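Biologist: Got a minute to walk me through this one? Start wherever you like.
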Amino acid sequence: MIQAPAAIALSLLLLPACAPAGEGSGNGKDGGSLIHATMESLAFAPAVIEASIGDTIVWRNEDLVPHTVDATDNSWTSGEMKPKQEFRHAITKAGPIELKCLYHPVMKAEIMVASL
Ligand SMILES: [Cu+2]
């Protein structure tokens, strides 16, 4: 009984932030939102992505060097993304999902998946 209010408060904090994070809704696969992110100046932007199950995240490499976006648990990888290439990943399960770039250990990000 002590932990329940904290969990509810956390989900209330996360939910309102989801709406402005996506660029409109209904343009992703399966009715989810398409969420745009980049690699730029050796960093993922945004570093924290708020998403829901069913959303699809699109990363675009805006740098002049190749990057990857990998789940740190190695469950999936973009493979090498050359400059201007894009990679899509659909969110199918609850997070959080920690991300890294295979080539640049300083590049880290996280997907917070709201449980609806
Ligand atoms: Cu990189």
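Modeller: We can take the sheets, then the core.
Modeller: This is a predicted model, where local features need pLDDT of at least 70, side-chain atom pairs count only at pLDDT 80 or more, and totals for chains, interfaces and linings use all residues. Residues are numbered from 1 along each chain as its sequence is written.

Biologist: What is the order of the open sheet that contains β3?
Modeller: β3-β8-β7-β5, with mixed pairing. Strands are DSSP runs (E, at least two residues), numbered from the N terminus. Two of them pair if DSSP finds at least two bridges between them.

Biologist: Why are β3 and β5 left without a neighbour on one side?
Modeller: β3 (48-52) and β5 (70-71) are at the edges and each has a single partner strand, so one side of each is unpaired in the sheet.

Biologist: Is the β3 and β8 pairing parallel or antiparallel?
Modeller: Parallel, over 5 bridges, with β8 covering residues 108-114. I49 has I111 as its bridge partner in β8.

Biologist: And which strands sit at the edges of the β2-β1-β4-β6 sheet?
Modeller: β2 (44-45) and β6 (86-90), each pairing on one side only. That open sheet is mixed too. β4 and β6 run antiparallel, joined by 5 bridges. V58 is bridged to R88 in β6.

Biologist: Switching to the core. Which residues have the most contacts inside the largest nonpolar one?
Modeller: I49, A51, I57 and I111, in a core of 19 residues. Such a core is a set of buried Ala, Val, Leu, Ile, Met, Phe, Trp, Tyr and Cys residues joined through C-beta atoms within 7 Å. Buried means 20 or more other C-beta atoms within 10 Å of the residue's own, placed from the backbone.

Biologist: Which strands each supply at least two of its residues?
Modeller: β1 (34-39), β3, β4 (56-61), β7 (97-100) and β8.

Key:
Helix = DSSP H or I, 4+ residues; strand = E, 2+ residues; numbered from the N terminus. Buried ≥ 20, exposed ≤ 12 C-beta atoms within 10 Å, placed from the backbone.
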